[in-house]
Amino acid sequence: MELTVRKNDLLPELQLFQGIIERKNTIPILGNILIRAEEDGVVQLLATDLEVGLRSQSTASVVKSGSITIPAKKLYEIIKSLPETEIRIKEGVKGSVRILADRFESRMQTLPTEDFPTLPDIPNETPVKLPRAGLREMVNKTQFAITGEDTRYFLNGALFLLQPGKMQLVATDGHRLALVETERENIAGEAESVQAILPKKTLWELSRLLTEGDNPVEYVAGENHLFFNVDGRQLVSRVIDAQFPAYERVVPTGNDKTIEFDRDRITSVVKRVALLSSERSQAVKLQINSNQLGITSSSPEVGEATESLAIEYSGEEVEICFNAKYVLDFLAVADSDTVQLQLKDETSQAVMKPVGSESCDYTYVIMPMRV
């Protein structure tokens, strides 16, 4: 195999693969990227960690067709460090590959292409078109609420729901729940509903692919895998085979106390007060009185902090304690100037929502802490 490719054509594709490749794995071939050069001048790129895979391509001048696997991290670092120029990738002898550009020359060991895992082919079905902006927003507003280390396998992913005219994404780690719903075009002939649990890593990689552009995303569900086609790049994800919890029961309906805040101001206050919270619990207490909110934190090892805000509230007094990080996670992605907190009492789950957001319906449920 031998090809010539420009740095600016290859580097963006290699960068997208860096999140797929695991730095530490027990299967050496998973640290490599498969490069397949075809006679028509198209270079196919593949990488996988057996849970999530990515297919991409780059234009190149193919001198000799063939396939090779190259250490993905080192290849990316080398290409990134080179000036904008033409780069030759040439298969060497005894399981090696040469990378040449201007006066630079390197040689790396490769692994047999037959050891590279086979990615499943996309089913021969009509793909569902998903609005790119809506999908991007859903992912950004939920991915942080997924746990990555829970023994309850179903919590290591987010529930993806497609229904006529809308789509939802739900994530929870048992302490908080993020639920986003957005509209999509209702196309005749589509299945009435589709649901699947997407692994956490799938959402992170999907977020990277959705960063730029407005083209719709094509989605196909296979028996054990999901396929997302984004601008010609195909993300392949294994489905988590588990039963997602009945999230509808978690969203409270009887919270009768409502307070609204300026998002930027409440963010600044929580950040400041949380600096002196316990490092383990990160707890901040909200003391809600008539037209005033007090936020306090304390730690036996560090000290204590308090700050107050004027609010419009005339209900009964209530004190409730939250993990500051959970509150700040929501505030960081809420796309409105004003946010709303809905409470019942100090022991029941609270709801946070952006006020006036037109892009989607976003509900964030957070459990109170007992300290």
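## The first open sheet

In this predicted model, 8 strands make up an open sheet, ordered β6-β2-β3-β4-β17-β16-β15-β10, and their pairing is antiparallel. Strands here are DSSP runs of E with at least two residues, helices are runs of H or I with at least four residues, and both are numbered from the N terminus. Two strands count as paired if DSSP finds at least two bridges between them. At the edges sit β6 (66-71) and β10 (128-130), each of which pairs on one side only. From one strand to the next, the twist averages 20 degrees. Inside the sheet, β15 (residues 217-221) and β16 (residues 225-230) run antiparallel and are joined by 4 bridges. Ala-221 is found opposite Leu-226 in β16.

Two helices pack on this sheet. Helix α1 (residues 7-17) touches β2 (32-37), β3 (42-48), β4 (52-59) and β17 (233-238), and its direction makes about 180 degrees with that of β4. Helix α2 (residues 72-81) touches β2 and β6, and makes about 90 degrees with the direction of β6. For these values, a contact means heavy atoms within 4.5 Å; axes are lines fitted to C-alpha atoms, for helices over the stretch in contact, and angles between N-to-C directions run from 0 to 180 degrees.

## What covers helix α2

Helix α2 has a buried set made up of Ala-72, Lys-73, Leu-75, Tyr-76, Ile-78 and Ile-79. Buried means under 20% relative accessible area, exposed means over 50%, and partly exposed lies in between (1.4 Å probe, protein chains only). The cover over the buried residues of α2 includes α1, β2, β6, β7 (86-91), β8 and β9.

## Two loop residues with positive phi

Most residues other than glycine have a negative phi. Leu-50 has a positive phi of about 80 degrees although it is not a glycine; this residue lies in the loop between β3 and β4. With a relative accessibility of 42%, Leu-50 counts as partly exposed.

Asp-102 is another non-glycine residue with a positive phi, of about 50 degrees. Its place is the loop between β8 (96-101) and β9 (104-109), and Asp-102 is exposed at a relative accessible area of 62%.

## The second open sheet

Another open sheet of 8 strands follows the order β14-β11-β12-β13-β25-β24-β23-β18, with antiparallel pairing. Its edges are β14 (194-199) and β18 (257-262); each has a single partner strand, so one side of each is left without a neighbour in the sheet. Neighbouring strands are turned against each other by 20 degrees on average, direction ignored. Strands β24 (residues 350-355) and β25 (residues 361-366) run antiparallel and share 3 bridges, and Ala-350 stands opposite Ile-366 in β25.

Helices pack on this sheet too. Helix α5 (residues 263-274) touches β18 and β23 (338-343), its direction making about 90 degrees with that of β18. Helix α6 (residues 324-333) touches β13 (176-183), β23, β24 and β25, and its direction makes about 170 degrees with that of β25.

## Strand β20 and its partners

Strand β20 (residues 292-299) is mostly covered, with 6 of its 8 residues buried. On one hand, β20 runs antiparallel to β19 (residues 283-289), with 5 bridges between them; Gln-287 stands opposite Gly-294 in β20. The hairpin of β19 and β20 has 2 residues between the strands, and Asn-291 takes a positive phi near 60 degrees there.

On the other hand, 8 bridges join β20 to β21 (residues 303-310), again running antiparallel. The bridge partner of Ser-298 in β21 is Glu-304, and the hairpin from β20 to β21 passes through 3 residues.

## The chain as a whole

The protein chain has 6 helices and 25 strands, and its C-alpha atoms fill a box of roughly 80 × 55 × 35 Å along the principal axes. Of its 371 residues, 51% count as buried. Among contacts with a separation of 6 or more, 66% come from residues 24 or more positions apart.

There are 41 positive and 55 negative side chains, and the centres of the two sets lie 7 Å apart. Lys and Arg count as positive and Asp and Glu as negative, leaving out His and the chain ends; each charge is placed at NZ of Lys, CZ of Arg, CG of Asp or CD of Glu.

## Notes on the values

Residues are numbered from 1 along each chain as its sequence is written, and side-chain values use heavy atoms, with hydrogens and water left out. Since the model is predicted, local features need pLDDT of at least 70 and side-chain atom pairs count only at pLDDT 80 or more, while totals for chains, interfaces and linings use all residues.
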